[in-house]
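This briefing covers side-chain pairings and one loop residue, grouped by topic. The structure is shown first.

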Amino acid sequence: KQFQSLDCIPFKHHKGSFLRADTGIDCQSKDYLYFRSVVIFFIVMYQSIPILWMILLYRKKVELHPITSNHDERLALFIRNKNPNLASLRFLFKDYKCSKW
């Protein structure tokens with residue numbers, strides 16, 4: 001769906017191509033070319049969010065799975081939940097067990 005705003009179709013009886021969603025927009029116009037660059041930028045930004053989350057979590061992986069002396073899952077979860085360094089990322093991992101990290 002994200003690329004529908006970039007889908008151009010050629011017309012046989014007219015030189016050039018037009019936007020499929022709105023055939024009043026010429027795909028060779030400067031306005032469309034600017035619009036296309038903006039759309040591509042935002043698609044890349046939107047698609048990079050999960051990658052950014054993965055990087056942020058990977059950098060904290062030791063804190064996400066604290067090592068306990070007897071490998072107690074409940075103690076590790078308690079330690080992880082009390083760690084102030086993880087507060088801003090908590091929404092990404094709060095439902096997962098420590099052993100899954």
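In this predicted model, the count of salt bridges comes to two. One of them joins the side chains of Asp7 and Arg20, and Glu63 and Lys60 form a salt bridge as well. A search of the whole structure also finds four aromatic pairs and one disulfide.

**Salt bridges**

- Asp7 and Arg20 meet through their side chains, with an N to O distance of 2.5 Å.
- Asp7 lies in the segment before β1 (8-10) and Arg20 in the loop between β2 (17-19) and α1 (30-59), so this salt bridge ties together parts that are 13 residues apart in sequence.
- Asp7 has a relative accessible area of 29%, and because buried means under 20% and exposed over 50%, Asp7 is classed as partly exposed.
- In the salt bridge of Glu63 with Lys60, the closest N and O atoms are 3.8 Å apart, which falls within the 4 Å that the rule allows.
- Glu63 is partly exposed at 25% relative accessibility, and Lys60 is partly exposed with a value of 25%.

**Aromatic pairs**

- The search of the whole structure gives four aromatic pairs, among them Phe41 with Phe42 and Trp53 with Phe91.
- The ring centres of Phe41 and Phe42 are 5.2 Å apart and the planes stand at 75 degrees; an angle over 60 counts as edge-to-face, so the pair of Phe41 and Phe42 is edge-to-face.
- Phe41 is partly exposed at 47% relative accessibility, whereas Phe42 is exposed, with a relative accessible area of 53%.
- For Trp53 and Phe91, the ring centres lie 5.8 Å apart and the planes are at 85 degrees, so this pair is edge-to-face.
- Trp53 belongs to helix α1 and Phe91 to helix α4 (residues 90-93), so their pairing ties together parts that are 38 residues apart in sequence.
- Trp53 counts as partly exposed, at 37% relative accessibility, while Phe91 is exposed, with a relative accessible area of 52%.

**Disulfide**

- The search finds one disulfide, and this bond joins Cys8 to Cys27 with an S to S distance of 1.9 Å.
- The link of Cys8 and Cys27 is left-handed, with -95 degrees about the S-S bond.
- Cys8 sits in strand β1 and Cys27 in the loop between β2 and α1, so the disulfide ties together parts that are 19 residues apart in sequence.
- Cys8 is partly exposed, with a relative accessible area of 24%, whereas Cys27 is buried at 4% relative accessibility.
- The loop between β2 and α1 thus holds Arg20, the partner of Asp7 in a salt bridge, and it also holds Cys27, the partner of Cys8 in the disulfide.

**Asn83 and its surroundings**

- Asn83 is found in the loop between α3 (73-82) and α4.
- Asn83 has 14% relative accessibility, and because buried means under 20%, Asn83 counts as buried.
- With neighbours within four places in sequence left aside, Asn83 is in contact with Glu63 and Arg90.
- Of these two contacts, Glu63 is the residue that forms a salt bridge with Lys60, and Glu63 is partly exposed.

Definitions and conventions
Residues are numbered from 1 along each chain as its sequence is written. This is a predicted model: local features need pLDDT of at least 70, side-chain atom pairs count only at pLDDT 80 or more; totals for chains, interfaces and linings use all residues. Side-chain values use heavy atoms; hydrogens and water are left out. Helices (H or I, at least four residues) and strands (E, at least two) are DSSP runs, numbered from the N terminus. Buried means under 20% relative accessible area, exposed over 50%, partly exposed in between (1.4 Å probe, protein chains only). Rings of Phe, Tyr and Trp (its six-membered ring) pair if their centres lie within 6.5 Å; planes under 30 degrees apart count as stacked, over 60 as edge-to-face and the rest as tilted. A disulfide is a pair of cysteine sulfur atoms within 2.5 Å. Contact means heavy atoms within 4.5 Å.
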